[in-house]
Amino acid sequence: MSYLTSVSLCFLLCTYILADKSLNEVLINGDYDFIDLTYPFDNQTIYWPDSQEFQFTKKTAMFQRDGSWYASNDFTAGEHGGTHIDAPYHFLVDGLQVGQIPLNKLIIPLIIVDIASKVNDDPNFVLYKHHMDYMLNDNMGKPCLIIFKFGWSKFFWDKKKYLGINNDQLNFPGLSAEVAEWIVSSYKNVVGVGVDVASVDPGSSTDFPVHKILLGAGLYNIENVYFQRHIPDHGCTALVMPMKIAKGTGAPLRLVAICPKHKPEYF
Ligand SMILES: [Zn+2]
């Protein structure tokens, strides 16, 4: 059998074997990593300065008379804090609210664009097209979520540093309007854009053009993505699971990536 024939036979066989397995079998067979990209919600969670921070308003945690344990809390929190989603309605009057975003936009191939070495911890860094040689990995034109890694997660536990608070000003890196325009005009397969900083716009922005462009085009944003370990730049599937606040402009989010431990050969 020629090399080519055996390669194509293997491809057919592998495709058949994969197709024959249920998703449950595929996910529990040990070939995938489950990577949490979410900060915990507690009294250290970072919120936009004018937002309600996460707070337990009622806490019960006690043994009952019969010796059994009972614990339950109430909480309050702003929509836009910690790892969270911005629904299009945040900046678009007839845009989708959180509860309306369809699942096929929330369970989606994930592309990571790692620009941390270019940012080099500079809070004034703004990402332009030339930083990426005018090329974006776009999942070969298929639907995807793109998350830009600025290398900012390491500052999250120091609110002043993470937000770059100086008097009433904020200062941290972000995307330019140029990049936002580029994504919505040239990469129409992109359904959402994420960042590992507090906003898709740079911290110093006061008119939020990146929010207006991305949400205005019907994409969703994810802010405060938590990169605590290496994640492949392609080949992972994102589970974008916001709390389903029906009319939310945004919502706390559980963001998880499911990544193959070994890079499949066809990538
Ligand atoms: Zn937000």
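Let me start with helix α5, residues 177-186, where Val179, Ala180, Trp182, Ile183 and Val184 are buried. This is a predicted model, so please hear everything I say in that light. What lies over those buried residues of α5? The cover includes three strands, β6 (126-127), β7 (144-149) and β9 (190-195), together with helix α6 (209-216). As a general point, an α-helix has 3.6 residues a turn, so residues three or four places apart point the same way. You may want to keep that in mind when you look at the helix on the screen.

Now the chain as a whole. It has 6 helices and 12 strands. Along the principal axes, the C-alpha atoms fill a box of roughly 70 × 60 × 40 Å. Of the 267 residues in the chain, 42% are buried. The accessible surface comes to about 14,900 Å², and carbon and sulfur atoms account for 55% of that. On contacts, take those between residues at least 6 apart in sequence: 74% of them join residues at least 24 apart.

Next, the domains. The domain assignment gives domain 1 as 1-30, and domain 2 in two pieces, 33-51 and 79-260. How far apart do the C-alpha centres of domain 1 and domain 2 lie? The distance is 35 Å.

I will now pick out one residue on the inside, serine 153. You will find serine 153 in the loop between β7 and α4, the latter being residues 159-163. Is serine 153 buried or exposed? Its relative accessibility is 6%, and because buried means under 20%, serine 153 counts as buried. Leaving aside residues up to four places away in sequence, serine 153 touches Tyr39, Asp196, Val225, Tyr226 and Phe227. With valine 225 there is also a polar pair: a polar atom of the serine 153 side chain lies 3.3 Å from the backbone oxygen of valine 225.

Last, a look at the surface. Which residues form a nonpolar patch there? They are Phe56, Phe75 and Met243, and together they have about 290 Å² of accessible area. Phenylalanine 56 sits in strand β2, which covers residues 55-63. At 38% relative accessibility, phenylalanine 56 counts as partly exposed, because that class runs between the 20% limit for buried and the 50% limit for exposed.

To recap the two residues I spent time on: serine 153 is buried, whereas phenylalanine 56 is partly exposed. That is my last slide.

Key: Residues are numbered from 1 along each chain as its sequence is written. This is a predicted model: local features need pLDDT of at least 70, side-chain atom pairs count only at pLDDT 80 or more; totals for chains, interfaces and linings use all residues. Side-chain values use heavy atoms; hydrogens and water are left out. Patches are made of residues with over 30% relative accessible area and no salt bridge: like charges are joined within 9 Å, nonpolar side chains (Val, Leu, Ile, Met, Phe, Trp, Tyr) within 5 Å. Accessible areas come from the Shrake-Rupley method with a 1.4 Å probe; for residues, only the protein chains shown count as cover. A salt bridge is a side-chain nitrogen of Lys or Arg within 4 Å of a carboxyl oxygen of Asp or Glu. Helices (H or I, at least four residues) and strands (E, at least two) are DSSP runs, numbered from the N terminus. Buried means under 20% relative accessible area, exposed over 50%, partly exposed in between (1.4 Å probe, protein chains only). Domain bounds come from an automatic or database domain assignment. Contact means heavy atoms within 4.5 Å. A polar contact is a pair of N or O atoms within 3.5 Å; within protein, one must be able to donate a hydrogen and the other to accept it, and residues adjacent in sequence count only if both atoms are side-chain atoms.
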